[in-house]
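Work through the exercises below with the sequence and the 3D view at hand. Try each task before reading its solution.

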Amino acid sequence: MVKEAEIGQKSAAPSSENGTIGDRAAVARDQWNREIPGLDLAPMVLLGRLNEASHVVSTERLAPIFKAAGLKQGEFDVLATLVRSGPPYKLMPTELYRSTMMSSGGMTARLDRLEKSGHITRCPHPEDRRALMVCLTDQGLKLIKAMMPDYIACQQKTVSGLSDAEVEQLSALLEKFIASTAR
């Protein structure tokens with residue numbers, strides 16, 4: 001779906017004199033150390049790097065895959081959540097917005113777009129006539145299943161600069177970090 005050359009063509013990070021991608025967090029640290037020596041800047045550097053990594057992965061790596069499929073990342077998240085839920089690929093809107101970490105108003109707008117494009121329908125709840133469920137259409141299911149090989153290949157390419165052990169270590173550290181921030 002997406003040509004390999006389209007993935008990661010550009011970087012928002014500053015370039016050094018030799019053309020390699022710079023480290024914005026390190027540049028900011030060095031600037032702050034010059035202006036206000038003695039500050040503990042390790043958390044700022046870590047969070048800056050996390051932010052940069054998230055931005056690069058989202059906008060330069062994954063966005064071309066979503067665009068090629070005619071989706072935005074949030075729409076992909078909704079469809080992928082429905083697929084992951086398994087047959088019959090139906091969830092309540094509240095289950096969707098909790099699993100995709102967004103507001104109910106934002107979810108409604110996404111669902112409207114996905115329904116208009118034929119990827120989902122709103123179908124009656126089997127036990128509560130007042131409620132509607134979000135139901136994945138065959139079109140939506142086929143789209144996500146067709147996208148997954150490119151999506152996974154992109155993720156693999158994105159972390160290819162790390163060894164398998166480093167990927168596991170980073171993943172474990174991020175899991176711990178996320179849990180610690182939820183307190």
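The exercises go from the whole chain to single residues, and the model they use is a predicted one.

**Exercise 1. The chain as a whole**

Task: State how many helices and strands the chain has, and give their order along the sequence.

Solution:
- Step 1. The chain contains seven helices and three strands.
- Step 2. From start to end, the order is α-α-α-β-α-α-β-β-α-α.
- Step 3. The chain has 183 residues, and 28% of them are buried.
- Step 4. Among contacts with a separation of 6 or more, 53% are between residues 24 or more positions apart.
- Step 5. The accessible surface is about 12200 Å², and carbon and sulfur atoms supply 55% of that area.

**Exercise 2. Helix α3**

Task: Find how far α3 reaches from its first C-alpha to its last, and decide whether this helix is largely enclosed or open.

Solution:
- Step 1. With its 12 residues, α3 spans 16 Å from first to last C-alpha, which is close to the 16 Å expected at 1.5 Å a residue.
- Step 2. Nine of these 12 residues are buried, so the rest of the structure largely encloses α3.
- Step 3. The buried residues are G74, E75, F76, V78, L79, A80, T81, L82 and V83.
- Step 4. Just after α3 comes G86, with a positive phi of about 80 degrees.

**Exercise 3. Aromatic pairs around F66**

Task: Count the aromatic pairs in the whole structure. Then classify the pair of F66 and F76 from the angle between the ring planes.

Solution:
- Step 1. Three aromatic pairs are found in the whole structure.
- Step 2. In one of them, the ring centres of F66 and F76 are 4.9 Å apart and the planes meet at 35 degrees, so this pair is tilted. The stacked class would need planes under 30 degrees apart, and the edge-to-face class over 60.
- Step 3. F66 belongs to helix α2 (residues 42-68) and F76 to helix α3 (residues 73-84), so the pair ties together parts 10 residues apart in sequence.
- Step 4. Both rings belong to buried residues: F66 has a relative accessibility of 3%, and F76 has a relative accessible area of 2%.
- Step 5. F66 also pairs with Y151, again tilted, at 6.1 Å centre to centre and 40 degrees between the planes.
- Step 6. This second pair links distant parts of the chain, since Y151 sits in helix α6 (residues 138-158), 85 residues from F66 of helix α2.
- Step 7. Y151 has a relative accessible area of 15% and is therefore buried, the cut-off being under 20%.
- Step 8. Taken together, F66, F76 and Y151 make up one aromatic cluster.

**Exercise 4. T100 in its loop**

Task: Locate T100, decide whether it is buried or exposed, and list its contacts.

Solution:
- Step 1. T100 is in the loop that runs between α4 (93-99) and α5 (104-116).
- Step 2. Its relative accessibility is 11%, so T100 is counted as buried.
- Step 3. The T100 side chain reaches the backbone oxygen of L96 at 2.8 Å.
- Step 4. With neighbours within four places in sequence left aside, the contacts of T100 are D77, V78, T81 and M107.

**Exercise 5. V27 and V45**

Task: Place V27 in its helix and state how far apart the C-alpha atoms of V27 and V45 are.

Solution:
- Step 1. V27 lies in helix α1 (residues 24-35).
- Step 2. V27 counts as partly exposed because its relative accessibility is 41%.
- Step 3. V27 and V45 are 18 residues apart along the chain, and 9.3 Å separates their C-alpha atoms.

How values were computed:
Residues are numbered from 1 along each chain as its sequence is written. This is a predicted model: local features need pLDDT of at least 70, side-chain atom pairs count only at pLDDT 80 or more; totals for chains, interfaces and linings use all residues. Side-chain values use heavy atoms; hydrogens and water are left out. Helices (H or I, at least four residues) and strands (E, at least two) are DSSP runs, numbered from the N terminus. Buried means under 20% relative accessible area, exposed over 50%, partly exposed in between (1.4 Å probe, protein chains only). A polar contact is a pair of N or O atoms within 3.5 Å; within protein, one must be able to donate a hydrogen and the other to accept it, and residues adjacent in sequence count only if both atoms are side-chain atoms. Contact means heavy atoms within 4.5 Å. Rings of Phe, Tyr and Trp (its six-membered ring) pair if their centres lie within 6.5 Å; planes under 30 degrees apart count as stacked, over 60 as edge-to-face and the rest as tilted. The expected span of a helix is 1.5 Å times one less than its number of residues. Accessible areas come from the Shrake-Rupley method with a 1.4 Å probe; for residues, only the protein chains shown count as cover.
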